[in-house]
Amino acid sequence: MLNQTHTVTTIILAGGEGRRMDGKDKGLLLFKASKFDKELPLIEHVIKRLIPQSAQILISANRNKAQYQDILGRYQQNKQIVFADKDDLKALGPMAGMLSAVDYLDLNLDIDTDINVDIDYVDNQHDFMRERIQFVSCDAPFIPLDLIEKLYSKTAASYPVTLEKQHYCHTQLFKKDLTLIKARLEHKELKIRSFLAFIKAQAVVFDDEASFFNCNTKQELYTTH
């Protein structure tokens, strides 16, 4: 049965340079979730866990667009949208992917240009500005199957935490929050953590740190779980 969380659009962030993976496109590297599973591209593991939770999935990737579209098309029959960072946002990290998503979400970036503006200033009279956008990194093959639902329980932007760590890249924002990213990047405020503090995002506790395992090194990539 569908619920409100199935109105959430998910954007998988796969635009990194793969510096710790010898420059390879991390989302396309093969990963075996267990000894009983076959190897699949990292991002495919993520998609499989997000499809039941999401209204649609988009991918932020700066190379290999056709390959990402092909993988997404195995699970999503409607448009396979894969978009790159805008030219003026290259090498600015994951928030560049978040900001570049606005072209596919019907947002007006001119709403806010002041980094110090109170977030209540942003016009959210229209319902679409209150719609949620879930962001997830491409290297988290065991992402919780209830990620979107649990984050959706908050009335503000939110992100998952466990007793061990905070997982800022898996944040759930309102569309209105994205309008504030432009000024942050213009002032070289590149960290998701500081942005989430700025918009007063709320932490949501998850029990299992293992579900947020991410492949940051070649050794982790070849570890079977």
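Begin by selecting G27: outside the residues up to four places away in sequence, G27 touches P41, L42, I43, Y68 and C138. The model on screen is a predicted one. G27 sits in the loop between β1 and β2 (30-31). With a relative accessible area of 0%, G27 is buried, because the cut-off for that class is under 20%. Next, add L42 to the selection and draw the C-alpha to C-alpha distance, which is 5.1 Å, although G27 and L42 are 15 residues apart in sequence.

**The helix pair α1 and α2**

Select helix α1 (residues 42-50) and helix α2 (residues 65-73). Their axes lie 10 Å apart, and the two helices pack at an angle of about 35°. The crossing of α1 past α2 is right-handed. To see the contact itself, display I43, E44 and I47 on the α1 side, and Y68, I71 and L72 on the α2 side. Two of these residues, I43 and Y68, have already appeared among the contacts of G27.

**S137 and H170**

Move to strand β6 (residues 132-137), where S137 is located. Is S137 buried or exposed? The relative accessible area of S137 is 12%, so S137 counts as buried. Show side chains here: that of S137 makes a polar contact with the side chain of D139, at 2.8 Å. Leaving out residues up to four places away in sequence, S137 touches I12, L13, V46, C169 and H170.

From this list, select H170, which belongs to the loop between β7 and β8 (172-174). H170 is buried as well, since its relative accessible area is 4%. Which residues does H170 touch, apart from those up to four places away in sequence? The contacts are Q134, F135, V136, S137, A140, I143, L151, Y159, P160 and F212.

**The nonpolar cores**

Now turn to the largest nonpolar core, which has 29 residues; I11 and L196 touch the most other members. Two or more residues of this core are given by each of β1 (9-13), α3 (94-100), β6, β7 (158-161), α6 (181-186) and α7 (192-198). The largest share, 4 residues, comes from α3. Centre the view on L196, whose contacts beyond four places in sequence are Y159, Y168, T171, L173 and A201. Apart from this core lies another one, of 23 residues, including A14, I59, A61 and I71. The last of these, I71, also takes part in the contact between α1 and α2. As general background, nonpolar side chains tend to be buried together in soluble globular proteins.

**Confidence and the whole chain**

Colour the chain by pLDDT. The mean is 84, and 82% of the residues reach 70 or more. Confidence is highest in β7, at 98, and lowest in helix α8 (residues 218-221), at a mean of 72. Then select residues 111-126, where the pLDDT is below 50; in the model this stretch has 28 contacts beyond near neighbours in sequence.

Finally, zoom out to the full chain. Its secondary structure comes to 8 helices and 9 strands. The chain has 225 residues, of which 51% count as buried. How many of the contacts between residues at least 6 apart in sequence join residues at least 24 apart? The share is 70%.

Terms used:
Residues are numbered from 1 along each chain as its sequence is written. This is a predicted model: local features need pLDDT of at least 70, side-chain atom pairs count only at pLDDT 80 or more; totals for chains, interfaces and linings use all residues. Side-chain values use heavy atoms; hydrogens and water are left out. Buried means under 20% relative accessible area, exposed over 50%, partly exposed in between (1.4 Å probe, protein chains only). A polar contact is a pair of N or O atoms within 3.5 Å; within protein, one must be able to donate a hydrogen and the other to accept it, and residues adjacent in sequence count only if both atoms are side-chain atoms. Contact means heavy atoms within 4.5 Å. A nonpolar core is a set of buried Ala, Val, Leu, Ile, Met, Phe, Trp, Tyr and Cys residues joined through side-chain atoms within 4.5 Å. pLDDT is the predictor's confidence in each residue, from 0 to 100. Axes are lines fitted to C-alpha atoms, for helices over the stretch in contact, and angles run from 0 to 180 degrees between N-to-C directions. A crossing is left-handed if the near helix is turned anticlockwise from the far one by less than a right angle, and right-handed if clockwise.
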